[in-house]
Amino acid sequence: MPDQLADVRLEEPCPSNLPPIFPAEGMPKRHKRILFVTSEFTDFVKAGGLGDVSAALPRALLAEHDIRVLLPGYPQVLQSAVACKVVGHLPGMAALPACDIGELRLADGLVVYALICPELYDRHGTPYGDDQGQEWPDNHIRFARLSLAAADIAAGRSELSWCPDLLHVNDWPAALAPAYMAWREQATPSVLTIHNLGYQGSCPLGCCAELGLPDTAGLPESMEFYGKLSFLKAGISHASHITTVSETYAREITGEKFGCGMHGVLTQRRRRGQLSGITHGIDGSWTPNLDPHLVERFDATHLAGKRRNAEHVERQFGLLPGRGPLFAVVSRLVHQKGIDLTLAIADEMIAAGGRLVVIGRGEPELEQAMKRLAENYPGRVGVHIGFDETEARRIFAASDFLLMPSRYEPCGLSQMYAQRFGSLPIARHTGGLADTIVDGVTGLLFRDETPESYFDAISRALNIYRYPDLLDAMRRKAMKSPLRWEDAARPYTSLYQRLLQQAPARAFR
Ligand code: ADP
Ligand code: GLC
């Protein structure tokens, strides 16, 4: 097994001794080949919005591109109902084990490559940790393996009869791929999408040897970050282009408040035109008159079905009927999401007649605090610590208002799902929330990260609730507003085209 990347340096992006490269069945040859690299994919496993985006965006791009997905071979992937055929093999490097590549052909034609490496991925839990939320200690190896696999596939080292023209990597778990390619002088262009700058994938500088990194990896202009190695910084330094998931967040992360220490390098890339914001859409499964998860389907002109879903959720969560609105939290229970702010205003909200339903899991203290709130308010607050897609969808359909007082929100999908299902989001004016909610029209926005500012918005909601015609008019507008993926995906096509045109002339660092 080679110990260093230098030992496997490649002169060409795809060596000419490869078997001929075939476009996906039925696709014209002009379609460019894109490898979309991700650690979550909602068909099999998700921890949050990254899974939803990874399942939806490649599908939306499939008509224009031969786009395929690469993800780790977790048990949820390899034991799914979709057949998996071994189609390739990758050698090991340093402490990264050799692995096989499995191919899954999904019913709609999307091809998914799963990295089969049982010692790294055959574990129960989330993509990142065990069932108790404890992160795996070897995550740097697990995701360096994913990143190197992407770089190797782009280099034609995988035995696959397919080689991408461009890599699209997502968040820190895949962000080492552009760096591996740069160190090997592979010319394949790459896009890094930052879904959340708060998660950076750091490990000690001493891990260089295990990960097979060159000495230059430890330099500040590469992936050194405050005395550690940062996977995300590797992607930020070496990807051809960086996108993030809303216009507002793209601006916010170049400032100190939201830049998580990376605002300097992000500002440089923005000035060079290499950092842009592309807001997500939502996929067609979020259509309330078609969604099989719902107790009763409805649409903007027939809102009665929304009431049936509310009755079901009230029964399921032991809520008593009330004259006030039903507020909902469908969220990871983490600091980012301002869950503590909701806890801070809960007494006042319930005193004013509100009821609250919560589904999610996350930080143990916030989970405990939510459970205590439910114990203090039987019949008024119902909490499920855990996650279930059907339940989540029913809650979007059942609730009057969705609470999203996020401290920061790169894009946010839940506020869009809520709007589509006629639940008005109450959210902080930040990131994608500011870009996808029209204050006073499709939801309510507040500015300050304080319980007072938040409760002002709750008071506005309580007022709106007193006027059913106004509430219904807002609901109807909200149900029409969220962007569809078919439109939201277009800027990615333009970006890929631009990078592919520039590719031969580019000098990659
Ligand atoms: P984020 O990705 O920051 O969690 P988004 O609003 O982009 O926020 O995405 C939320 C998506 O994740 C929704 O589909 C929501 O239903 C789902 N979700 C929320 N909480 C959890 C959880 N604890 N586990 C899995 N999925 C969750
Ligand atoms: C992240 C962000 C969220 C975004 C999601 C998908 O987890 O917190 O705002 O919508 O990724 O991009």
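A polar contact here is a pair of N or O atoms within 3.5 Å; within protein, one must be able to donate a hydrogen and the other to accept it, and residues adjacent in sequence count only if both atoms are side-chain atoms. With that in hand, start at ligand 2, where an oxygen atom sits 2.6 Å from an N or O atom in the side chain of histidine 280. Keep in mind that this is a predicted model: local features need pLDDT of at least 70, side-chain atom pairs count only at pLDDT 80 or more, and totals for chains, interfaces and linings use all residues. Residues are numbered from 1 along each chain as its sequence is written, chains are lettered from A and ligands numbered from 1 in the order in which they are written, and side-chain values use heavy atoms, with hydrogens and water left out.

**Ligand 2**

- The shell holds 14 residues, and His195, His280, Glu409, Cys411 and Gly412 come nearest; a residue counts as near if one of its heavy atoms lies within 4 Å of the molecule.
- The backbone joins in too: a backbone N or O atom of cysteine 411 is 3.0 Å from an oxygen atom of ligand 2, and a polar backbone atom of proline 410 is 3.5 Å from an oxygen atom of the ligand.
- On its own ligand 2 exposes 310 Å², and the protein buries 93% of that (areas by the Shrake-Rupley method with a 1.4 Å probe; for residues, only the protein chains shown count as cover).
- By class, you get 6 nonpolar, 6 polar and 2 charged residues, where Ala, Val, Leu, Ile, Met, Phe, Trp, Tyr, Cys and Pro count as nonpolar, Asp, Glu, Lys and Arg as charged, and the others, Gly among them, as polar.
- Domain 1 (33-281 + 487-499) and domain 2 (305-482) each supply at least three residues of this shell; the bounds come from an automatic or database domain assignment.

**Ligand 1**

- Around ligand 1 there are 16 residues, with Gly49, Asp52, Arg332, Lys337 and Leu413 coming nearest.
- A polar side-chain atom of arginine 332 lies 2.7 Å from an oxygen atom of ligand 1.
- Polar backbone atoms also line up with ligand oxygens, at 2.8 Å for leucine 413 and 3.0 Å for serine 414.
- Of the 560 Å² of accessible area that ligand 1 has alone, the protein covers 93%.
- Helix H1 (49-61) and helix H15 (414-420) are the elements that give two or more residues to this shell; helices (H or I, at least four residues) and strands (E, at least two) are DSSP runs, numbered from the N terminus.
- The shell splits into 5 nonpolar, 5 polar and 6 charged residues.
- Both domain 1 and domain 2 give residues to the shell, so ligand 1 lies between them.

**The chain as a whole**

- The protein chain has 20 helices and 18 strands.
- Its radius of gyration is 23 Å, close to the 23 Å that the globule rule gives for 509 residues, so the chain is as compact as a globular protein of that length (taken over C-alpha atoms; the rule is 2.2 Å times the number of residues to the power 0.38).
- Buried residues make up 60% of the 509; buried means under 20% relative accessible area, exposed over 50%, and partly exposed in between (1.4 Å probe, protein chains only).

**Two residues with positive phi**

- Most residues other than glycine have a negative phi.
- Glutamate 159 has phi near 70° and sits in the loop between helix H4 (139-154) and strand S6 (166-170), exposed at a relative accessible area of 56%.
- Aspartate 171, in helix H5 (residues 171-174), has phi near 55° and is buried at 10% relative accessible area.
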